[in-house]
Amino acid sequence: MEWAVAVVVALALVAGMAAGLLLPRFLPKRDGHSTSTGSVRFRWSRGRPAIADEQQAGLGRRTIDSLRAGVVVLDNDDVPVLINPAARAMGLLRTGSTPGSIAAHPLIRTLAGQVRRTGVRREIELDLPRGRDSAGENPLGVHLRAMGLGNGFVAVEAVDVTESHRLTRVRRDFVANVSHELKTPIGALQLLAEALLDATEPADAAVPDLSEDLVAARRFAERIQHESTRLGRLVQELLELTRLQGAEPQPPPEPVALDWVIAEVVDRTRTTASARGVAVTVDGARGLTAYGSDSQLATAVANLVENAINYSGEDTTVRVTLRGDDEHVEIAVADQGIGIAPTDVDRVFERFYRADQARSRATGGTGLGLAIVKHIASNHGGRVEVSSTLGGGSTFTLRLPASPPDDLLATLPPVGIESGPTGLRQV
């Protein structure tokens with residue numbers, strides 16, 4: 001019996017040694033070692049198979065080529081070193097200066113240069129004309145994002161947003177056309193209401209002798225005049241907002257003296273402030289300069305001041321404060337009004353949104369004033385912020401760059417996009 005046990009133990013030892021020698025030849029190796037199965041090589045990491053290093057480059061390239069977004073990688077000399085088919089289809093390439101070479105679109109090169117110079121990721125969304133004459137009726141809408149990869153390499157991602165831009169243009173044109181068509185009947189209503197008021201005016205203002213019908217007619221005419229005036233202002237602000245959203249090209253930026261802007265705003269709002277018993281005061285720095293359109297900046301600040309006046313009580317003060325440093329200038333408009341609830345602060349810049357509907361109707365507000373301010377600030381490379389306490393007043397701050405904008409489009413030559421991968425154009 002003892003010899004049988006000894007034989008079994010010996011056989012088990014031999015089997016174990018044989019298994020230890022033969023199993024590595026049939027199983028993939030672990031802990032950084034690789035093995036092959038068919039045409040795919042694996043390496044083992046933490047017990048899980050991963051693709052070998054020599055195949056990662058090929059897989060990454062096939063992944064980039066399968067993307068619907070265009071990808072272009074430029075080296076330090078703006079030479080494309082990686083291009084996927086989507087970028088070629090968008091027409092983002094040109095024939096190079098030497099036969100057989102290619103170059104990136106001037107827009108891509110300019111964007112890459114700005115990323116190298118500033119070290120900051122850049123994004124831009126615009127419409128590029130198609131065709132050699134740059135006069136295509138259906139422009140290519142692209143959203144470009146450029147980021148540095150190190151050692152002068154820059155990756156540019158291009159997403160086709162043509163359909164989104166087309167729908168935006170259709171919606172914008174619809175609003176503009178309807179607004180234009182409404183101007184004529186609204187103007188006629190205002191004239192008719194004014195004529196009705198003149199016709200029913202008593203002959204002797206000191207001793208008015210009007211029948212009940214005439215009194216009612218005058219009351220209705222006054223109401224028609226008030227509402228038509230409000231509707232006319234709504235149409236005008238819709239047209240203004242449409243222009244700011246890109247219906248018309250923005251004027252080239254010019255130096256704007258903020259002292260002139262504030263003086264113009266105070267003059268525009270003087271009558272409204274006096275009627276409501278609100279004092280408008282100005283303090284802060286003097287001699288500050290912003291860059292953009294003087295009329296648009298005056299409109300933005302005037303909307304903020306008028307909004308502060310409308311939501312302030314009698315015998316209160318609206319304070320306009322100017323501040324500035326090397327990078328930004330700020331115009332803060334603070335009131336002593338009813339304030340804004342925390343749930344409404346994030347929505348006050350939406351079109352037609354009004355925190356206090358009843359008060360807006362009483363003051364004749366349209367709900368577009370702050371939306372216009374937001375678009376003007378955005379078009380000037382700035383932003384508008386609000387801080388408010390319910391019952392304690394609000395402060396709106398318009399923050400603008402203190403230096404001329406680094407306008408990407410202004411630095412570009414008038415070069416369009418040519419559709420198709422074969423439509424390369426000489427740089």
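When I say buried, I mean under 20% relative accessible area, with exposed meaning over 50% and partly exposed in between, computed with a 1.4 Å probe on protein chains only. What I am showing is a predicted model, in which local features need pLDDT of at least 70 and side-chain atom pairs count only at pLDDT 80 or more, while totals for chains, interfaces and linings use all residues. Residues are numbered from 1 along each chain as its sequence is written, and side-chain values use heavy atoms, with hydrogens and water left out.

Let me start with helix 5, where helices (H or I, at least four residues) and strands (E, at least two) are DSSP runs numbered from the N terminus. Helix 5 covers residues 162-199, and its 38 residues reach 56 Å from the first C-alpha to the last, close to the 56 Å expected at 1.5 Å a residue, that expectation being 1.5 Å times one less than the number of residues. At K183, shortly before the proline P185, helix 5 has a kink of about 30 degrees, taken as the angle between axes fitted to the seven residues ending there and the seven starting there. Among the buried residues of this helix are H165, R169, R172 and I186.

Turning to the sheet, five strands form an open arrangement in the order 12-14-15-17-16, with mixed pairing, where two strands pair if DSSP finds at least two bridges between them. Its edge strands are strand 12 (278-284) and strand 16, each of which pairs on one side only.

Strand 17 (residues 393-401) pairs in the antiparallel sense with strand 16 (residues 383-389) over seven bridges, and T389 has G393 as its bridge partner. Three residues lie between the strands of this hairpin, and G391 there takes a positive phi near 85 degrees. Strand 15 (residues 328-334) also pairs with strand 17 in the antiparallel sense, over seven bridges, and A332 stands opposite T397.

Finally, which aromatic pairs does a search of the whole structure find? It finds one, where rings of Phe, Tyr and Trp (its six-membered ring) pair if their centres lie within 6.5 Å, and planes under 30 degrees apart count as stacked, over 60 as edge-to-face and the rest as tilted. The ring centres of F349 and F396 are 6.1 Å apart and the planes stand at 85 degrees, so this pair is edge-to-face. Because F349 lies in the loop between helix 9 (342-345) and helix 10 (357-363) and F396 in strand 17, the pair ties together parts that are 47 residues apart in sequence. Both F349 and F396 are buried.
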